[in-house]
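Student: I should like to understand how the terms used for this model are justified. Could we take them one by one?

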Amino acid sequence: MLNTLLKQLDNYLSSVESDESKVAAINEVKKVMHQHSPFKKEPVDCVLWIREGDIVANDYNPNVMAPVERSLLQLSIETDGFTQPIVVTPLKDKFQVVDGFHRHLVGKTSPVAKKRINGFLPITVVNLESSGEAECIAATVRHNRARGKHQVTAMSDIVRDLSRLGWDDLKIGSELGMDADEVLRLKQISGLSELFSSEQFSDAWTIK
């Protein structure tokens, strides 16, 4: 039965003439397979090819890549192809980048890559309990910190934004992999008194 099904699928895909239609069909097959996969909770189990215009960058990414590394990434993608998908979360009618901002940028701007993949980009959709702004920010920061790359000033802005979105210090630390002291230091960098409204302070100066 499996061999028959594979033969039918092979015949069908061979009959599809346009790349656009073929990619759409393959994406649908992958989605069905993903639903039945033992690894359906793992985003990388289902990599889809999506038009670059349907993917938008986020405006809070604290990861800054040096020019040399950016050039090397472009060379890698142009020479070796995309070996990692862009991690996204769904919006109303598009996908927003969670991780892979620079892969996304290279895929959109490199003439070599654009010609080879014909305006498509590989994505995998991250499993978020909620696609709210705070959850998306936290997911991006986790990906960046796991690689040891983040910019301190941008991170302090992230902490500020999460605080304004209603997250307390404990949740910020838990979701971003920070201890209480690091959260406090980043709030101090932001320098906004509103971030310390929940803190308890002594009425007097203490000199040691």
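Student: What makes strand S5 mostly covered?

Tutor: In S5, 5 of its 6 residues are buried, where buried means under 20% relative accessible area, exposed over 50% and partly exposed in between, with a 1.4 Å probe and protein chains only. S5 is a strand in the DSSP sense: strands are E runs of at least two residues and helices are H or I runs of at least four, numbered from the N terminus. This is a predicted model, in which local features need pLDDT of at least 70, side-chain atom pairs count only at pLDDT 80 or more, and totals for chains, interfaces and linings use all residues. Residues are numbered from 1 along each chain as its sequence is written, and side-chain values use heavy atoms, leaving out hydrogens and water.

Student: How do you know that S1 and S5 pair?

Tutor: Two strands pair if DSSP finds at least two bridges between them. S1 and S5 (residues 120–125) are joined by 4 bridges and run antiparallel, so the criterion of at least two is met. Leu48 has Ile123 in S5 as its bridge partner, and Trp49 stands opposite Pro122 in S5.

Student: Which strands pair with S5 in the parallel sense?

Tutor: S3 pairs with S5 in that sense, over 3 bridges; Val87 stands opposite Thr124 in S5.

Student: What is the order of the strands in the open sheet, and why is one side of S1 and of S2 left without a neighbour?

Tutor: The order is S1-S5-S3-S4-S2, with mixed pairing. S1 (48–51) and S2 (55–56) stand at the edges, each with a single partner strand, so one side of each has no neighbour in the sheet.

Student: Why are H3 and H4 called oblique to each other?

Tutor: Helix H3 (residues 67–80) and H4 pack at about 60°, their axes 10 Å apart. Axes are lines fitted to C-alpha atoms, for helices over the stretch in contact, and angles run from 0 to 180 degrees between N-to-C directions. Angles under 35 degrees count as roughly parallel, over 145 as roughly antiparallel, 65 to 115 as roughly perpendicular and the rest as oblique. H3 and H4 are therefore oblique.

Student: Which residues of H3 and H4 meet?

Tutor: Arg70, Leu73, Gln74 and Ile77 in H3 meet His102, Arg103 and Val106 in H4, contact meaning heavy atoms within 4.5 Å.
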